[in-house]
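Trainee: I'm new to this one and would like to walk through it with you. Could you put it up so we can start?

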Amino acid sequence: MIDNGKIKLIRMNDETVEASYEAGGTNEQYQEKPKIALTFDDGPHPSSTPVLLDGLAGRNVKVTFFVIGENVVKYPKVVSREAEEGHIIGNHTYSHVDLTKMSQEMTECELEKTNTAIEEITGKKTEYMRPPYGAWKKEMEENTGMIAVLWNVDPLDWNTDNETEIVNKVVTETEENDIILLHDCYLSSVKAALRIIDIMQAKGYEFVTVDELLLD
């Protein structure tokens, strides 16, 4: 629709959104980029995680870290940097245990200890968690009050140090709104992640944190 020399409304993905350009300007196509999320488990790591953070900063990309409480206590400066640079920090339990094999009391202890460690460093509460091994039951979400975040794409990077293999698996399998699982405790995975970002951005994808996908 044209109004006073400006396009006012444009249809995108079955939703009407506002956009505008001056009459006589370039007739650009208004289209949102498909979104995907990179997530990293098992950190922070004192050497490989900072390499990842440097690469993310240079590419202006935000990701989601699901941290282990024991590592948070060991490497608080790395966690602090993750938060300061705008990344989402989620809970990956305190000692990387299968929560479905634990009592409700022990499950809450694992999550609460990690939440406390994160909040003491960042000053922020976290509402997202990732259960180790993906072992989770829906009723546990109601009991813990946390949002469980799983994944769609898993290159099994913990099982190989072949950087190119990790990259190829992710870039060939990832589609819009997918959540990619990687581990920032492995340098090969960190290097692969930065290559994945470059390739997927060149394909027109936008990297976002998991909250943006879950809230859409």
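Trainee: Where is Leu-156 found?
Mentor: This is a predicted model, where local features need pLDDT of at least 70, side-chain atom pairs count only at pLDDT 80 or more, and totals for chains, interfaces and linings use all residues. Residues are numbered from 1 along each chain as its sequence is written, and side-chain values use heavy atoms, with hydrogens and water left out. Helices (H or I, at least four residues) and strands (E, at least two) are DSSP runs, numbered from the N terminus. With that in hand, Leu-156 sits in the loop between strand 9 (147–148) and helix 6.

Trainee: Is Leu-156 buried or exposed, or partly exposed?
Mentor: Buried means under 20% relative accessible area, exposed over 50%, and partly exposed in between (1.4 Å probe, protein chains only). Leu-156 has 38% relative accessibility, so the label is partly exposed.

Trainee: What separates the C-alpha atoms of Leu-156 and Ile-166?
Mentor: Along the chain, these two are ten residues apart. In space, their C-alpha atoms are separated by 7.7 Å.

Trainee: What about Thr-174: buried or exposed?
Mentor: Thr-174 lies in the loop between helix 6 (163–173) and strand 10. Its relative accessibility is 5%, so Thr-174 counts as buried.

Trainee: Which residues does Thr-174 touch, leaving out those up to four places away in sequence?
Mentor: Contact means heavy atoms within 4.5 Å. One partner is Ile-36, 138 residues away in sequence but 8.1 Å away C-alpha to C-alpha. The full set is Ile-36, Val-153, Ile-180, Met-200 and Tyr-205.

Trainee: How many residues of strand 10 are buried?
Mentor: Strand 10 covers residues 179–183 and is largely enclosed by the rest of the structure. Ile-179, Leu-181 and His-183 point one way, Ile-180 and Leu-182 the other, and all are buried. That makes five of the five.

Trainee: Which residue in strand 10 is the bridge partner of Phe-40?
Mentor: Two strands pair if DSSP finds at least two bridges between them. Strand 5 (residues 35–41) and strand 10 pair in the parallel sense over five bridges. For Phe-40, the partner in strand 10 is Leu-182.

Trainee: How is helix 1 oriented relative to helix 3?
Mentor: Axes are lines fitted to C-alpha atoms, for helices over the stretch in contact, and angles run from 0 to 180 degrees between N-to-C directions. The axes of helix 1 (residues 48–59) and helix 3 (residues 76–84) come within 10 Å and cross at roughly 15°. Angles under 35 degrees count as roughly parallel, over 145 as roughly antiparallel, 65 to 115 as roughly perpendicular and the rest as oblique. So helix 1 is, relative to helix 3, roughly parallel.
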